[in-house]
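Here are some exercises to work through at the bench or at your desk. Have a look at the chain first, then try each task before reading its solution.

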Amino acid sequence: MEVNNLFKKTYIKANNIKVNLDLDINDSIDVNYIDILRNKTIEKEVLQSVTCVCHDPKYYNEYYDKCPKCEGNGEVLISNNTLICNHCHGSKSVVKHHCSICDNIGSYLSRKKINVPLNESIKDKDIITLDGLGKKEKGNFGNLNLTINIIDLEHYQIKDNDLYYKRIIPYTQKEVANRVSKQVETPKGFRKINVDDKDEYQVIRLEDSGINGGDFYVAVKKELPPIRGNDVYANVILKEGLYKFYLKKEDLYDVDKPLKEVHYFKPLNDPNYLYLDLDNLTSYQVIKINNKGEKGRHGGSNGDLYLKVFIGDKFLVNNNNLYDLNIEFSDSELNLGKKILSLYNEKVTFSFPKELKEFSFVKVGSLGLIKNKLENKDLFALIKPGNKYLYKISVMTNKSKGTIFITDYHHFFNEMVEAYTSSVNLDNYLTLDFKGLKKSRVYHLNDQYGNDVVITLIKGSDING
Ligand SMILES: [Zn+2]
Ligand SMILES: [Zn+2]
Ligand SMILES: [Zn+2]
């Protein structure tokens with residue numbers, strides 16, 4: 001087939017898109033109304049003409065032959081007259097190999113990201129023309145005609161120069177109690193809205209955030225908090241074992257939304273901090289702090305805060321379960337497979353398989369972190385020999401050298417590395433040479449108390465940070 005005839009095709013098979021004979025490309029885009037009002041330039045995927053591989057100079061010879069009639073001149077000399085070659089129609093070449101991408105048209109349409117400049121005068125279904133972004137042929141350019149679809153127009157209403165946002169913004173009870181400031185996008189940018197706790201519905205006026213100096217209006221639907229605020233149940237793990245400290249509400253460990261696992265408190269003269277005198281407090285006690293729960297509604301009182309306190313650096317949290325490394329097992333307890341603990345002023349008896357493997361965890365019961373008044377997460381104890389400690393540490397690494405902080409079992413625990421140690425000082429740091437490590441290497445060491453330390457290095461992914 002001749003190249004020129006192929007150019008007359010009115011469609012491109014590869015994309016199933018109808019294309020006009022002229023060089024314009026017609027497409028449509030979805031936009032947000034606020035983006036128009038803000039005169040934004042948005043990045044959108046639109047149809048663009050792409051030169052096909054068969055017209056890439058590098059591969060052209062694989063797809064096209066020189067026209068045999070005019071020998072690639074495009075014209076022939078007949079009786080001293082120069083005429084356009086009727087075999088190749090002046091294109092100088094004929095198709096050698098059919099191109100299934102473009103049917104030898106030389107280009108096809110494909111979606112590509114371009115910047116589309118919007119402005120506030122654009123209306124829904126308007127067509128904006130981007131000059132020169134259509135098809136290109138022999139130095140000629142077509143235009144890109146984009147039909148604008150404003151997809152969220154029904155969410156807005158204009159009255160004079162005021163803009164009304166018709167979608168109601170929901171506020172949960174907690175958000176109202178905490179006076180959360182949500183953001184709305186206006187023609188003047190993002191604006192914060194402030195709610196009160198008086199009525200279920202509140203219309204908020206954002207001055208000078210509409211059109212041409214008008215205002216922006218938004219409605220809020222609130223779940224009002226109870227007159228008296230809800231009680232809050234939280235956990236706090238005091239790694240330092242301090243007995244007097246200040247804490248912020250955000251520092252409390254919330255089972256549903258854990259923020260931090262271990263908390264450090266610094267005394268600050270900040271009214272947002274809660275001062276607690278925890279003299280004579282031991283782990284596994286619940287203390288009630290009046291008036292420090294969720295805020296009550298206007299005119300009502302706050303809820304109370306119930307705080308479960310764990311003291312010391314041998315408490316770990318994983319999947320919201322609490323792991324207590326303080327619990328010790330005597331030989332007779334291990335042989336019996338039974339232990340009695342005193343928790344929350346109660347004697348708790350729990351059993352476990354006899355002669356259980358050292359350094360495995362056993363479930364004590366649903367006595368761990370507090371979730372609400374009725375529900376507790378699980379508490380686990382670590383089985384370890386009563387007298388002599390054995391430290392087993394496995395480290396997976398790709399490093400050639402590494403420093404292991406032996407007492408930082410908390411870090412290892414999080415990285416799912418078996419590393420159970422007490423806070424016994426092992427000179428704290430061990431520098432191990434990983435060079436030449438093929439699969440694994442075992443180090444047998446002793447700490448200053450004569451305890452055995454077994455460290456297994458396993459070659460693998462670097463999880464030791
Ligand atoms: Zn020819
Ligand atoms: Zn082919
Ligand atoms: Zn092609």
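Buried means under 20% relative accessible area. By that cut-off, C67 is buried, and so is C70. Please keep in mind that this is a predicted model.

**Exercise 1. Work out which residues hold the zinc ion (ligand 1), and classify the geometry of the site.**

Step 1: look for the donors. The zinc ion (ligand 1) has as its protein donors C67 (SG), C70 (SG), C85 (SG) and C88 (SG), which lie 2.2 to 2.4 Å from it.

Step 2: read the spacing. Along the sequence these donor residues follow the pattern C-x2-C-x14-C-x2-C.

Step 3: check the angles. Four donors count as tetrahedral if all angles lie between 85 and 135 degrees. The 4 donor atoms here give angles of 104 to 117°, and the site is tetrahedral. For comparison with theory, the ideal angle for four tetrahedral donors is 109.5 degrees.

**Exercise 2. Do the same for the zinc ion (ligand 3), then find where C52 and C99 sit in the chain.**

Step 1: list the donors. C52 (SG), C54 (SG), C99 (SG) and C102 (SG) are the protein donors, lying 2.2 to 2.3 Å from the zinc ion (ligand 3).

Step 2: judge the geometry. The arrangement is tetrahedral because the 4 donor atoms subtend angles of 101 to 114° around the zinc ion (ligand 3).

Step 3: place the donors in sequence. Their spacing is C-x1-C-x44-C-x2-C. C52 is in the loop between strand 4 (41-51) and helix 3 (60-63), while C99 is in the loop between strand 8 (93-95) and strand 9 (107-117). The two are 47 residues apart, and the pair links distant parts of the chain.

Step 4: ask about exposure. C52 has a relative accessible area of 1%, so C52 is buried. C99 is buried too, with a relative accessible area of 1%, and C54 is buried at 0%.

**Exercise 3. Find the side chain that N104 contacts, and decide whether N104 is buried or exposed.**

Step 1: locate the residue. N104 belongs to the loop between strand 8 and strand 9.

Step 2: test burial. N104 has 1% relative accessibility and therefore counts as buried.

Step 3: find the partner. The N104 side chain makes a polar contact with the side chain of Y64, at 3.1 Å.

**Exercise 4. Give the strand order of the open sheet that contains strands 14 and 18, and name its edge strands.**

Step 1: follow the pairing. 4 strands form this open sheet in the order 14-15-19-18, with mixed pairing.

Step 2: pick out the edges. Strand 14 (156-159) and strand 18 (201-206) each pair on one side only, which makes them the edge strands. The twist from one strand to the next averages 25°.

Step 3: zoom in on one pair. Strand 15 (residues 162-171) and strand 19 (residues 216-222) run parallel and are joined by 6 bridges. One partnership across strands 15 and 19 is P170 with K221.

**Exercise 5. Describe the strands that pair with strand 30, and what covers its faces.**

Step 1: take the parallel neighbour. Strand 26 (residues 321-324) is joined to strand 30 by 3 bridges, and Y323 stands opposite F380.

Step 2: take the antiparallel neighbour. Strand 29 (residues 361-365) pairs with strand 30 over 4 bridges, and V362 stands opposite A381.

Step 3: sort the side chains. In a regular strand the side chains alternate between the two faces of the sheet. In strand 30 (residues 379-382), L379 and A381 lie on one side, F380 and L382 on the other, and all are buried, so both faces are covered.

Technical notes
Residues are numbered from 1 along each chain as its sequence is written. Chains are lettered from A and ligands numbered from 1 in the order in which they are written. This is a predicted model: local features need pLDDT of at least 70, side-chain atom pairs count only at pLDDT 80 or more; totals for chains, interfaces and linings use all residues. Side-chain values use heavy atoms; hydrogens and water are left out. Two strands pair if DSSP finds at least two bridges between them. Axes are lines fitted to C-alpha atoms, for helices over the stretch in contact, and angles run from 0 to 180 degrees between N-to-C directions. Buried means under 20% relative accessible area, exposed over 50%, partly exposed in between (1.4 Å probe, protein chains only). Donors are N, O and S atoms within 2.8 Å of the metal (3.2 Å for Na, K and Ca); water is not among the atoms, so sites may look incomplete. Four donors count as tetrahedral if all angles lie between 85 and 135 degrees; four count as square planar and six as octahedral if opposite donors are over 155 degrees apart and all others between 65 and 115; anything else is irregular. A polar contact is a pair of N or O atoms within 3.5 Å; within protein, one must be able to donate a hydrogen and the other to accept it, and residues adjacent in sequence count only if both atoms are side-chain atoms.
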